Each structure stands twice: as structure tokens, then as C-alpha cells.
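User: I'm new to this one and would like a friendly walk through what holds it together. Can you take my questions one by one?

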Amino acid sequence: MTSPTPRPLTLLLLGTLVAPACNGGGTATTDGATTDPTAGTTTDSTTAPTSSITTPDPTSSTTSSTTTSTTTPDPTSTTSTGPDPTGPDTDTGSEALACPIDANTPSIASISLTPALFGAGDDPSSSPACAIVNPERGFHGYVDLRDLDEGTLMGQAAAGRSVVYGQVLLPEYRDKPLDALVLDEVAAGFDLVRGAGMKVVPRFHYSDAMNEPDAELERILGHIEQLAPLLQEHADVILTLQAGFIGAWGEWHASQNGLDAPGPRKEILDALLAALPADRTVSVRRPSFKEEAYGGPLTADSAHDGSALSRVGHVNDCFLASDDDFGTYQEPGEKDYAITDSAFVPVGGETCAVNPPRSECPAALAELALHHWTHLNSAYHPDVLDSWQADGCYDEIACRLGYRLAVLALHWTESAVAGETVPVSLELVNDGFAAPVNPRPLVLVFQDAAGFSETVAEFDLRTLVPGQAVSLCVDVKVPANAPPGSYRIGLQLADPAPTLADDPRQAIRLANDTGVEWLDGINWFDATLSVQQ
């Protein structure tokens, strides 16, 4: 398979706010709805990893650089402005259609989709669209990575989970290096997670009770150094790594070796970040631990830039349990820091106590949205979870944890000659609590007996904040050797890791309940491009 020389694309990013279902303390739109206070426009973009398409097998795949422009979101309009869509092609100088698309142009075909959205006032929580199991989001299960078996993961998958929390308890190694036995156990656990089509949130720790010791700093740093090759090899199945190691349960308190202090905490955080690939994150128990180590909070400009600040997320293991979530927020401004920062990094954890009215449905929904939760313990606290079931919000929470992506419209040129460049535009909305937390390419796929694809290299799905719709316009290069035919148009959101790129379980399925067919990891539209020689 050969790939044409990459050529510039035009990508128009148009923010259009969709009113969220819950008041998370945002600002009012013209229709009285509220918007996420962190959902601003983004002026910077980063290059997302590319992915090869193997199902179906295209004859050509192009990865193109893009330019990104933004406008202030206008909730009453989705009209984009920009260069004349019938003006000269900047690459060829010829008269040709190009981005942005004017949907009223005779040769432009359009389909409008009407997915049920919480942000639009719908309640699809009991619909098949909310039963979709997507990667890297949702309620998580519990496993022991040192003693894991396939049956345990099959049970988690059968329960509709794509994420597990992976305990790695190391009490026998407090005073000695890790050996081949434990490294092989953990590696086998990661392999089983991969085979099950899931992701894991690992936590390494020595203590499983308040009165149990952790290890000394030098021992911990030595263990992290030993784990680094393992973490690098298996980073494809790590959603985020919880910092662990320090204190009771690895929750960074009650250390018996003086490690619950800024200096040791930062040394361990630095070591963990160095042990992981640059596109993976470490999550800490309190927001102030991140702030004292790296500053912040993040903004749209500093998010996803590869810095230590951009790679530290949040764990809250007593969500909604008290005014300060049982000591999660102890410093002035710590909760405000968490709210702002959470828009750009993973947030996960569990509830730990019933605390009405804060732990009840209205407050829970509002705070899950405000703090951009991606994953939540499916087993704890059972009384809180039972109250959500009884009060009718559990299914909505399950559906909205993390991202929930849907396409609102597709516009495209109906026909093209092989070798031409044609514009394709789609409107994509995030109806979840959070943006996707790890990099993932967006690929337009065109399939007949043969096929080709176009990767939008500089659109970063991690910037698709909740309550926002974007209009993406891509100038697609039709290969000169593309056989004549009618090419169906699809959207692929595969995992970028070579080990996972061909696994449909690791690809994002759109939340559209009608108008989109899910087949072999690709979202297919009722749309075709006619190619002639």
C-alpha cells in the first residue's frame, strides 16, 4: 500500500455550544441553559497520532497537516465564515470546491442527523445508544493485576465495562528490589487486559490499611525504574496511572517513611512521568499535590503540550462524601483549581459515603459535569450507587461518564475525478462529562471495492470539550489511481497504538441512534462519493 505525499488541508473549527443537562455553575446562554465555564475556544493544536486502516483495507491513506481557526461560539448559529468555497484551489490554482463548504452549493450533498442528546434536553439514558461500550470511559471494575484471569475480565466486559482499576499490591517488596516473579505477573495482567479489549488504571502500593507501612523513598524510586520498561511496553492499555506508592492504600497520606511532603512527592511524580510515554498521564489524590509540584491550573493554551503540568490528572476517592470530600480539598482554592484543571486531564475515583443532599442525583450530576469525570468505581460506595439507581440518575451517569460523541451533520461533494481534491465537512458534538483523555486520530474513510482515507492530523479530540460542537472541514485528496465507483463515507476513531488500531473494541462508536452504521470499528454514514477516472 502506498501513501500519497501529504498535502495541506483546511480545517475550520467552529464552536457551537449545546446546552448541558445540568447546571454546573456555568454561564447562561440565550435560551437559559448553562455552559461549562471551562469550555472555551482553542487556538492551538497538536499533531495527533495517525492510524492505518485495515478493515476495510484502503488502497491509499493520507495523513495531512491542517490549519485550525476558531470563532467565539454562538449558540444561535452554526454558519461558518471563511474563504470563498468556490474560489481558486490554493494548491493547483484551478477553480474547484474547497473548504469551507457552502451547503447551498448545488454539487454539495448533505445529511442532517438528530441524535438524542442530554445537552439538548433529551433523555436517552434507557436507549440502545447509551448501552454502547466505548473505550477509556465509564464505570470501572476492580481487578488484581498480579492475580488476574481471563474469566474475571470477561465478567467485567459482560457488565458493559471497558475500564478496570488494577491493584498492584507489593508488601513483600518494601525492603528489596522487584523480581522477575512480580514483573511477570504484572506483564501477564496487562496482556490479559489487552486481550479483553479493555483499558486499566493501575495503582502500585505497599500498604492496604492505615497501620501498614509504605517503603522508603530510594526503594520506591528503584521500583519505578524497574517498572519503566513494563509501563512503556504496556502503555497502550493504560488509561491513566494512579500515583500510588506513598502511604495507606497508595493514597498519599499516612506515610510511615515521611513521604507525605512536597519534596518526596515531587521526586516520585517526576519518576513516574519519566517512566511513562509522553502521551500518558499520572493521576494524584489531591489537586494541591499537582499544584505544589508543577503550578497550574491548566488552560486551553497549556493543555496537551507534553509538559509535566499537562500530564497530571486527578483521583477523588471520596467524591461527594462531605463539603471537602473527606480531605480531598484542604487548601484555599483547591477545589476551584480542580474544576479548572479537570477540563484537560483524566478525573476518576469513587464515592465513599452517603451525604445528602450532595450525594443525591441533582448535585451528583452537576458535579460530575463540573469536574469532568471520566471513570468511576462501579462497586463503591454501594449505598450511594443504590441511591442513584433508586432516584433514576444512574443510567444517565453511566452514559455520560467521559466523552459521548455524536455527528450532527455531514456535507460532501457528491462526485469527484480521481486525483482531485474534494471538501468534506462534518459537525461533531460531545454530550459527555469530559473530553477524550488520550490522543486519538480522526480518520475519514472512503470505501468501495478498494478504498482510501484521510487523517485529520492536527485536530485533537482531547480539545472537544463537553457541551461543544465543532464543524470540521477537510479537503480530501482522491488518489489518482482510485478505481471508478461509489465510495461509502465513514468516520474511524481507532486507538493510535499499533497493537490496538485494528481492534474494534478500542475504537470510538458514535452515540447516534439512527443514521450511522457501526461495522468493524468504523462509523458508516448513508453517504457516498462517486469517483470517476
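User: Let's start with charged pairs. How far apart are the N and O atoms where the side chains of Arg203 and Glu251 meet?

Analyst: Keep in mind that this is a predicted model. Arg203 sits in strand S10 (residues 199-205) and Glu251 in the loop between S11 and helix H4 (262-275), so the pair ties together parts that are 48 residues apart in sequence. Both Arg203 and Glu251 are buried. Their side chains meet in a salt bridge, with an N to O distance of 3.8 Å.

User: Which arginine in the loop between strand S12 (282-284) and helix H5 (287-294) pairs with Glu251?

Analyst: Glu251 is in the loop between S11 and H4, and its partner here lies 34 residues away in sequence, so the pair ties those parts together. The salt bridge spans 3.9 Å from N to O. Both partners are buried. The arginine is Arg285.

User: And Asp236: which residue does its side chain meet in a salt bridge?

Analyst: Asp236 is in the loop between helix H3 (217-233) and strand S11 (241-242), and the partner is in helix H2 (residues 180-195), 42 residues apart. Both ends of this pair are buried. The N to O distance is 2.8 Å, and the partner is Arg194.

User: How many salt bridges does a search of the whole structure find?

Analyst: The pairs we just went through, such as Asp236 with Arg194, are salt bridges. There is also a network that links Glu136, Lys199, Arg440 and Asp495. Searching the whole structure gives a count of 26.

User: On to the greasy parts. Which helix gives the most residues to the largest nonpolar core?

Analyst: That core has 58 residues, and Phe190, Val193, Phe204, Leu231 and Ile268 touch the most other members. Strand S9 (163-169), H2, S10, H3, H4, S12 and H5 each supply at least two residues. The top contributor, with eight residues, is H3.

User: Leu231 came up there. Which residues does it touch, leaving out those up to four places away in sequence?

Analyst: Leu231 is one of the core residues that touch the most other members. Its contacts, with those neighbours in sequence set aside, are Phe190, Phe204, Ile238, Leu241, Ala275, Leu276 and Pro277.

User: How many residues are in the other core that lies apart from it?

Analyst: This second core lies apart from the one around Leu231. Leu410, Val470, Phe525 and Val531 are among its members, and its size is 39 residues.

User: Why is H5 largely enclosed by the rest of the structure?

Analyst: Look at which residues of H5 are buried: Pro287, Ser288, Phe289, Lys290, Ala293 and Tyr294. The cover over them includes H4, S12, strand S13 (312-319) and helix H6 (334-341). H5 counts as largely enclosed because of its eight residues the number buried is six.

User: What phi does Gly295 take, just after H5?

Analyst: Gly295 follows right after H5, and its phi is positive. The value is about 85 degrees.

User: Now the disulfides. How many residues apart are Cys99 and Cys473?

Analyst: Their sulfur atoms are joined at 2.1 Å, and the link is left-handed, with -85 degrees about the S-S bond. Cys99 is buried at 5% relative accessible area, and Cys473 is buried at 3%. Cys99 is in the loop between strand S6 (66-69) and strand S7 (108-112), while Cys473 is in strand S21 (residues 468-477), which puts distant parts of the chain together across 374 residues.

User: Is the link of Cys318 and Cys352 left-handed or right-handed?

Analyst: This disulfide has an S to S distance of 2.1 Å. Cys318 lies in strand S13 and Cys352 in the loop between strand S14 (347-351) and helix H7 (361-370), so parts 34 residues apart in sequence are tied together. Both cysteines are buried. With 110 degrees about the S-S bond, the link is right-handed.

User: What about Cys361 and Cys393: what is the torsion about their S-S bond?

Analyst: The sulfur atoms of Cys361 and Cys393 are 2.1 Å apart, and both residues are buried. Cys361 is in helix H7 and Cys393 in the loop between helix H8 (382-391) and helix H9 (394-400), so the pair ties together parts 32 residues apart in sequence. The disulfide is left-handed, because its torsion is about -80 degrees.

User: Last one: what pattern do the disulfides of the chain follow?

Analyst: The count comes to four disulfides. Counting the bonded cysteines along the chain, the pattern is 1-8, 2-7, 3-4, 5-6.

Definitions and conventions:
Residues numbered from 1 in each chain as written. Predicted model: local features only at pLDDT ≥ 70, side-chain atom pairs only at ≥ 80, totals over all residues. Heavy atoms only, no water. Salt bridge = Lys/Arg side-chain N within 4 Å of Asp/Glu carboxyl O. Helix = DSSP H or I, 4+ residues; strand = E, 2+ residues; numbered from the N terminus. Buried < 20%, exposed > 50% of the residue type's maximum accessible area, 1.4 Å probe, protein only. Core = buried A, V, L, I, M, F, W, Y, C linked by side-chain atoms within 4.5 Å. Contact = heavy atoms within 4.5 Å. Disulfide = S-S within 2.5 Å.
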